[in-house]
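Colleague: I'd like a close look at one part of this model, and I'd rather have it told as one connected story than as a list. Here is what I have open.

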Amino acid sequence: EKMSDQSPSKRYAIDLISAATAAFSVAPFITIVDRSITENASGRRKLGDALVSEFKSFVTRPHMFIRSPAFAWIFGLYFVTYTAANSIDTTCSILKRDPQIPKFIGTSAINMFTCICKDRAFARMFGVGSPRPMPSISYGLFATRDSLTIAASFNAPSIVAKKLREKYPEMSQRKSEVIAQIGCPAFVQFFSTPLHLFGLDFYNKPDVSFASRVAFVSREYLKSTFARIGRIGPAFGIGGVENKMVRESNQKNRSSFWNWGS
């Protein structure tokens, strides 16, 4: 059964299953990295110490790890993000419309709102001192960071993959898509990580000078950038590839479980 021949309900069901599968597979690693970066920025623990401790917790007590609030936040964040991207793609396909702009706007809005809520929760859970309101400038910095990430994760890969095939005609479509899907979200972290660090610093140290914030971001930039590249690889790179492959395999498989009633 071709994708275009499937009923909308089957296609949306595939979108949900694909999103849940991808989100669950990448959530453990992203939970570990996000918590560690947040604790490092607040001064609670060094980045390396936090990473080792949280990896050990996941390996030795996985049943407790996946029941934690931190894991629930990350799984929920990527489940709704992948679901938004998938369902907008499907809707545009049904309506025969270009999905690029609707997907960017819709996915950005949902991801941005959920990610900022997650960042607020993580800052409160893994910061130092008593929880306090997140300053408006942190929300703005996080929103800008997420717009860059969404554009690099859901819009840029198809454009970059096409350019790669034009430059290297011998490259297969699948290879160009995988390279672009993993490379674009990773590359943008060199620009978005300072926004993330500034946002956390405004929350953790509301009264310090701007020069102090620049010194903090400069000091933490490289290790935080590579940690976020390691995080974003699974989040939108590997997870994005898995999400796409699960969708396509279900949409093209005539004997799929989803072809009920055929």
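Which residues in helix 6 meet which residues in helix 7? Please start there, then walk me around the rest of helix 6.

Modeller: Happy to, and keep in mind that this is a predicted model. On the helix 6 side of that contact you have A152, S153, A156, P157, V160, A161, L164 and R165. Across from them, helix 7 brings Q173, S176, E177, I179, A180, Q181, C184 and P185. Sorted by class, this contact has 10 nonpolar, four polar and two charged residues. Helix 7 covers residues 173–187, and its axis lies 8 Å from that of helix 6, at an angle of about 135°. Angles over 145 degrees would count as roughly antiparallel, and this pair is therefore oblique. As for handedness, helix 6 passes helix 7 in a right-handed crossing.

Now for the next partner, helix 8, which spans residues 189–204. Here the axes are again given as 8 Å apart, with an angle of about 160°, so helix 6 and helix 8 are roughly antiparallel to each other. The crossing in this case is left-handed. From helix 6, the residues in contact are I137, S138, L141, F142, T144, R145, L148 and T149. They meet Q189, S192, L195, H196, F198, G199, L200, F202 and Y203 of helix 8. That contact divides into nine nonpolar residues, seven polar and one charged.

Then there is helix 5. Its axis comes within 8 Å of the helix 6 axis, and the two cross at roughly 140°, which makes helix 5 oblique to helix 6. The crossing is right-handed. On the helix 6 side, look for Y139, F142, A143, R145, D146, S147, I150, A151, F154, N155 and S158. Helix 5 answers with Q100, K103, F104, T107, S108, N111, M112, C115, I116, D119 and R120. By class, that gives 10 nonpolar, seven polar and five charged residues. F142 and R145 are worth clicking on, since they are in this list and also in the list for helix 8.

D146 and C115, both part of the helix 5 contact, lead us to a cavity. A search of the whole structure finds one cavity of 30 Å³ or more, and the space in it is about 90 Å³. Its lining has 15 residues, and those closest to the centre are Y78, C115, D146, R228 and R231. Four helices each supply at least two lining residues: helix 4 (69–95), helix 5 (100–126), helix 6 (136–167) and helix 9 (210–252). The lining is made up of seven charged, five nonpolar and three polar residues.

One last stop, starting from helix 5 again. Helix 5 also supplies at least two residues to the lining of the second largest pocket, as do helix 1 (8–42), helix 2 (47–60), helix 3 (62–65) and helix 4. That pocket holds about 170 Å³ of space. Of the 13 residues that line the pocket, R35, E54, S57, F65 and S68 lie nearest its centre. Helix 1 gives the most to this lining, with three residues. In class terms, the pocket lining has seven nonpolar, three polar and three charged residues.

Terms used: Residues numbered from 1 in each chain as written. Predicted model: local features only at pLDDT ≥ 70, side-chain atom pairs only at ≥ 80, totals over all residues. Heavy atoms only, no water. 1 Å grid on protein atoms, 1.4 Å probe; cavity = no way out; pocket = protein on both sides within 12 Å on 5 of 7 lines; lining within 4 Å. Points joined across faces, edges and corners; volume = space filled by probe spheres on them. Nonpolar A, V, L, I, M, F, W, Y, C, P; charged D, E, K, R; others polar. Axes fitted to C-alpha atoms, helices over the stretch in contact; angles between N-to-C directions. Parallel < 35°, antiparallel > 145°, perpendicular 65-115°, else oblique. Left-handed = near helix turned anticlockwise from the far one by under 90°. Contact = heavy atoms within 4.5 Å.
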